[in-house]
Amino acid sequence: MRKLTLLLLTAALALPAAAAAQGARLVIWHAYRGGEKAAFEKVIAAFNARPGTKVKAEPLAVPFDAFADKVSAAVPRGKGPDVFIYAQDRMGGWIEAGNTVEPIDFFVDDALKKKYIPTTIEALTYRGSLWGLPLDYKVITLIYNKKLIATPPKTTAELYKVGAALTNKPAGKFGLAWAYNDFYYVASLLNGNGGAVFGPGTKPTLNAPANVTGMAQLQGWNKAGFMPAEPSVALITSLFNEGKAAMVFSGPWFLGEIAAGVEYGLAPLPGISEAGGKPMRPWMTVEGVFIAAPSKQKEAAFELVKYLTDVEAAKVLALEGRFTPAVKAVYDDPAVARDAQISAFKKQVEVAVPMPNVPEMTMVWSPATTALNKINAGASPQGALDTAQKAVEKDVAGLRKGK
Amino acid sequence: MNDPRTLRRRFTLGLALALALGVGGAWALLRGEQANLREELAMRRGAVTAMALDLLAQRAGGEGEPLRALLAAWQAGQPAGTEVRVVRLSGAQLEASTARVDVGELAAPRRLARSSPEDKVLFDRGQRLRGAVDGNREGGATKREREVERLPSGGLRLAAPLELDGAVVGLVQVDLPPEPPPRAPGPWRELLGVAVLLGAFWLAARMLPPRGWSLGLLAAALLLAGVGGLGASEVGRLEQDYRAAQRELSRHAGEVKAGAERLLAAQGLAAGPGLDAGRWDVDQMRRPRGLIGPSGQLVEAQAAAEVRKARGDATGALVAAGLLGLLGLGLVGSGLIYRFGRALVVHRQAYRYIAPAMLGTTVLVFFPFIYGIALSFTSSNIYNTGAPLSELWVGFRNYVAILSDFGIARRGADGALVWNYLNFYWTFLFTVIWTITNVTFGVTFGLVLALVLNTKGLAFRPIYRVLLILPWAMPNYITALIWKGMFHQQFGVVNQVLAMAGLEPISWFDTPFTSYLTALATNGWLSFPFMMVVSLGALQSIPADLYEAARVDGATRWQQFTAITLPSLKPALVPAVILSVVWTFNMFNIIFLVTGGDPNGSTEILITQAYKFAFQKYQYGYAAAYATVIFGILLVYGNIQNRVTKATEGV
């Protein structure tokens, strides 16, 4: 019995060593499913099939819900993958915690940086260093039911008109359904007015005048009455699918929820008439490909990171996996350029703002949502945002107080 | 009870253990202090060298031939094994190097090699320091502005950011050769002292009456004499060493300054303000420690303060070791250890059986529990998860912050009361109300239904029973989400029923009270089946002849209920109520999914609030303290409840 255990132990210890001797074998964690996963694995297979390379990548799909916590727990202890893919919002926290994400400035020159949409690079920059290469971005845009609207509104003035015409409350019909009780969505209106949550650096600026203006405009939309009350995701989806909401502000994740038979189109979010026609500027999240700090094969890992975010891979990911790649050159490809959806998101991302990647951002959600609820219920935007600002300042100070 | 020989032997053993713990422990701790002192001196000496070098590089313009010439001249006066590298971040350029490996093709200036892991480490260090300096200026979390590490060779590697015109442009890294190892005297003197003390005890124990307390006192006195004697000689020596280290540092700083001035003059770079040696003895944030004056002289006040602190640390170590020794003496002398050991040996079979369970409980229950409590005394948050807890220790600060804030409400500008829903006492009050109403609701409703179901001759009873247990059988996530949907302002079925009755629709989640009602309804729906099942079981076990006898005596139905049914139900209902109180108190799912704390966090209960502190605000230490307070509250409640119910059972 004891001998058997010993034998098993030796085998378990010897196996990884044997595998490592055969050349670089990179484990990459991702959270893709369905079509995205198939396209992603195709790209990985193409990477492994390149002639003249010993570097092999091994994809591992990790459920999205557990992904970030798994990275936080496993990577710093050297038990994680060599490369992983995640949105930039957790990046700042991982960098502060240390030994999770590897800085890649050393590998990256300016020519490489210029290949990507500039804001996607900005999203992956923290404390002056670049920490990953951008794979794709997610951004909200205007999705409309073609049967109900021929041309979607280009300005908020038009939105008021179209919205009112399409709303019939007793029948449960609305011009526009969107999560205006979720700060992530509403930020598009605030950013459009020139507002921001932080700046400069990590100084909270929730009650900046531009944010107050944006919130006042939201109250105007509320009063006009073309939006359903308490808009949950489930409600928005069912209204749109039943033809009871003509327009929705949402992102690529919404497209998968649209019922078969609903003919829909995509258009940029309207310009803000009250602000001289400046566009609404939604937050974008950028999926970065990161090298794990404890990885023993960083040079090889960077090869993989670069390959995944390059044009060849992007073409497959976009056309087969419905990704919206961050590398600019892919949009010159005729097949991609013909794709109405991808082009629509590309158009929208040009005015998008990267969502802050600092860990302080987590302090913002709860107070901002509280303020937003008060404002939607009719409270003064200035007062509500002042309260939220105070709460965020207090929490950020508490976080930094340390010792 | 104990014979004199056993007592004497036990106390001799105890004293030996106590001396090993006390004197040995104190000796080891003081040796540790001395090693720390040597390490600190080496680090601070290194820092003076590195910071001076950083300034020299800055004066040389941070690049080009002047820098390389200056470093070459500097290198000439250094001991073998000293190496300097200067890196410019823009273009990843190795600007200057005196390292032995950087010759030939690798000689500076050159671009850092992409394929070289060492070069990447160098470059990343520079990036990290630049990020730290910029972040600290911006008012972010405080980060180290210079780095120190021990090389495998035993030498030191120090790095500092190179700043030009107020912006970090690169890094200066210097490797210093290992210092000669110290000569440490062996513990012979201390061993002799311990032997003498043990011998003295052995002799004296024969003359004293063989009583436990007199032997114990004698042993304790000898232990204190031992630890005290060691302390008297060693603390004094440590203090002297400390003074010597400070003088050495001051001498070194003066020397470095003189050397730097000579170099600057020789290279024709003397322009600019005079050198300040005091700015080179810095901490990790590059703040001067104030020990060294501008020309390298000691600042006496700071020197005395540092020595005082070192003496305090050493005395603390002595006291701790002494107490540990006393504990050992007490445990052995009183026979506790003996009895414990005997129990282990006698019942070894039993202990062998429970060992796996004990191990499992220790790892799965006690370790996380103790870790959580330890965490609650720290300022742990997302910025410092890498640091050991001892560095983050803040004592009771979190508890004070939670419990001493009584600002539940204040007067608003218009004179109306404004509640502070984030206050601990508001949340506590809400949790108590939430628990009491829920349990009352659940018990009443469950009991009534059980009585109905218990009616004799009820048709289709099994069907009713299944239907009524259904709410309990559904996963409560689903139930919670369905109920949340039912309270939707526009599309919810509740408001539609109100509308049919001609009433105005209610925004349920807009006021604390209505929001509370939604959670109460959901939880009531989920909790009555449990109470019903418990009551039903108990009802069926009440003998029918009790009711028969009561009827013969002419009791009314109400009298039967209060005199027979309720008392018979009590043994089953009381534990169910206790359980239900604890469950409801910590009913995370319902609050989190139904109200989500709306509006403005007024309907949070303690456990959801603790969750928000941990996973939305990332204040792990604070959240741990919150959780510990919740544990304390439930512990107190459980104790009281237990005592009250036992007292009634006794009657």
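The dialogue below goes through several descriptive terms for this predicted model and sets values against definitions.

Tutor: Residues are numbered from 1 along each chain as its sequence is written, while chains are lettered from A and ligands numbered from 1 in the order in which they are written. Because the model is predicted, local features need pLDDT of at least 70 and side-chain atom pairs count only at pLDDT 80 or more, whereas totals for chains, interfaces and linings use all residues.

Student: Why does L215(B) count as buried?

Tutor: A residue is buried if 20 or more other C-beta atoms, placed from the backbone, lie within 10 Å of its own, exposed if 12 or fewer, and partly exposed in between. L215(B) has 24 C-beta neighbours inside 10 Å, and therefore counts as buried. This residue lies in helix 5 (residues 212–266) of chain B, where helices (H or I, at least four residues) and strands (E, at least two) are DSSP runs numbered from the N terminus.

Student: Which residues does L215(B) touch, not counting residues up to four places away in sequence?

Tutor: They are L7(B), R8(B), F11(B), A205(B) and L208(B), a contact being two C-beta atoms, placed from the backbone, within 7 Å.

Student: What makes helix 10 of chain B oblique to helix 16 of chain B?

Tutor: The axes of helix 10 (residues 424–453) and helix 16 (residues 557–585) of chain B come within 9 Å and cross at roughly 135°; axes are lines fitted to C-alpha atoms, for helices over the stretch in contact, and angles run from 0 to 180 degrees between N-to-C directions. Angles under 35 degrees count as roughly parallel, over 145 as roughly antiparallel, 65 to 115 as roughly perpendicular and the rest as oblique, and the crossing angle therefore makes helix 10 of chain B oblique to helix 16 of chain B.

Student: How do the residues of that contact divide into nonpolar, polar and charged?

Tutor: There are six nonpolar, six polar and no charged residues, where Ala, Val, Leu, Ile, Met, Phe, Trp, Tyr, Cys and Pro count as nonpolar, Asp, Glu, Lys and Arg as charged, and the others, Gly among them, as polar. Among the residues that meet are W434(B) and G442(B) in helix 10 of chain B, and V577(B) and F585(B) in helix 16 of chain B.

Student: What makes strand 3 and strand 4 of chain B edge strands?

Tutor: Two strands pair if DSSP finds at least two bridges between them. The open sheet of six strands in chain B has the order 3-2-1-6-5-4, with antiparallel pairing, and its edge strands, strand 3 (110–111) and strand 4 (147–150), each pair on one side only. Within this sheet, four bridges join strand 1 (residues 83–88) of chain B to strand 2 (residues 93–97) of chain B, with V87(B) opposite L94(B).

Student: How do you know that strand 6 of chain A is mostly covered?

Tutor: Eight of the eight residues of strand 6 (residues 132–139) of chain A are buried. Strand 6 of chain A also pairs with strand 13 (residues 283–291) of chain A in the antiparallel sense, over seven bridges, and V139(A) stands opposite M284(A) there.

Student: How many residues does the contact take from chain A and chain B?

Tutor: The contact takes 34 residues from chain A and 38 residues from chain B. Helix 16 of chain A gives the most to the side of chain A that touches chain B, with six residues.
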